[in-house]
Amino acid sequence: MNYKIIDKATYYRKDVYRRFTEDCKCSTSITARLDVTDFAAYAKQTNTKFYINFLYVLTKVLNSRDDYKMVYRYKTDEIVCYDVIHPTHYVFREETETCTPVYSEYSEDYKTFYKNALNDIEKAKASKEPAVYDESHPNWFDASYLPWVSYDSLHMELPDGYLYFPPVVHWGKYREENGRLMMPVTVRMNHAVADGYLIAKVFDLLEKEMKQFIGNE
């Protein structure tokens with residue numbers, strides 16, 4: 001995995017970084033509803049899985065800016081930015097009511113990503129091994145689907161002193177509103193490396209990428 005070390009002295013957010021790693025350690029999150037009407041229709045028309053299609057678009061978006069690919073290394077007090085980040089997503093097991101983490105490598109080529117992610121999911125479903133979180137994946141972000149509820153807000157709490165920089169993204173089931181399918185999405189990031197603008201930008205990019213993905217733009 002390739003990465004670059006961020007020079008704190010020249011980091012464009014250095015004053016914000018200092019404030020939110022020393023004075024006010026905190027994270028911030030935004031929940032918004034995305035119109036996925038055409039995106040869902042595309043999945044049905046092409047006989048592809050909406051879940052994997054959205055996971056691909058989400059991962060593409062988060063790889064489009066360095067701000068979303070940052071990791072803090074506490075042992076060396078360094079900020080690093082990876083060239084590529086990959087999604088850690090989950091398979092729910094009805095029999096145990098637990099989730100098994102699935103590690104799918106990102107490929108900008110959609111067909112490659114789709115094939116590999118589908119294979120990763122099937123392997124996880126077939127596995128009888130207990131859920132294990134692999135600590136050797138530093139350049140991975142959490143992507144969690146909540147199929148049981150179409151929520152209006154979601155909050156994920158992390159200890160204030162823990163500088164966890166990768167995005168944590170949740171989305172719930174979509175529901176019909178005024179003839180459109182609206183899906184809740186929540187993006188959480190550490191305030192040291194992201195503010196409201198950068199988190200809101202994720203939603204803007206998701207809307208644009210979904211349109212491009214289905215050929216509407």
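**Salt bridges, a pocket and a surface patch**

Aspartate 23 pairs with arginine 18 in a salt bridge whose closest N and O atoms are 2.7 Å apart. This is a predicted model, and the questions below start from that pair.

User: Happy to dig in! How exposed is aspartate 23, and what is the value for arginine 18?

Analyst: Residues between 20% and 50% relative accessible area count as partly exposed. Aspartate 23 falls in that class with 48%. Its partner arginine 18 is partly exposed too, and its relative accessible area is 37%.

User: Which strands does the salt bridge of arginine 33 and glutamate 177 tie together, and how many residues apart in sequence are they?

Analyst: The side chains of arginine 33 and glutamate 177 meet at 3.1 Å, N to O. Arginine 33 lies in β2 (residues 27-35) and glutamate 177 in β9 (residues 175-177), so the pair ties together parts that are apart in sequence by 144 residues.

User: Which residues are linked with Arg33 and Glu177 in a network of salt bridges?

Analyst: Good one to check on the model. Arginine 33 is partly exposed at 23%, and glutamate 177 is partly exposed at 25%. The residues linked with Arg33 and Glu177 in the network are Asp152 and Arg175.

User: By about how many helical turns are aspartate 204 and lysine 201 separated?

Analyst: Aspartate 204 and lysine 201 form a salt bridge, with closest N and O atoms 3.5 Å apart. Both sit in helix α5 (residues 196-213), and because they are 3 residues apart there, the separation is about one helical turn.

User: Let's move to the second largest pocket. Which element gives the most to its lining?

Analyst: This pocket has a volume of about 470 Å³ and is lined by 17 residues, with Tyr51, Tyr90, Val91, Phe92 and Tyr145 nearest its centre. The lining divides into 12 nonpolar, 1 polar and 4 charged residues. At least two lining residues come from each of α3 (50-62), β5 (86-93), α4 (110-126) and β7 (140-146). With 4 residues, the element that gives the most is β7.

User: Is valine 61 buried or exposed?

Analyst: Valine 61 has its place in helix α3, and its C-alpha is 9.5 Å from that of lysine 208, although the two are 147 residues apart in sequence. The cut-off for buried is under 20% relative accessible area. At 1%, valine 61 is buried.

User: And which residues make the nonpolar surface patch?

Analyst: Tyrosine 3, in strand β1 (residues 3-5), is partly exposed at 37%. The patch covers about 330 Å², and the residues that make it are Met1, Tyr3 and Ile5.

Technical notes. Residues numbered from 1 in each chain as written. Predicted model: local features only at pLDDT ≥ 70, side-chain atom pairs only at ≥ 80, totals over all residues. Heavy atoms only, no water. 1 Å grid on protein atoms, 1.4 Å probe; cavity = no way out; pocket = protein on both sides within 12 Å on 5 of 7 lines; lining within 4 Å. Points joined across faces, edges and corners; volume = space filled by probe spheres on them. Nonpolar A, V, L, I, M, F, W, Y, C, P; charged D, E, K, R; others polar. Patch = residues over 30% accessible without salt bridge, like charges linked within 9 Å, V, L, I, M, F, W, Y side chains within 5 Å. Areas by Shrake-Rupley, 256 points an atom, 1.4 Å probe, with all protein chains shown as cover. Salt bridge = Lys/Arg side-chain N within 4 Å of Asp/Glu carboxyl O. Buried < 20%, exposed > 50% of the residue type's maximum accessible area, 1.4 Å probe, protein only.
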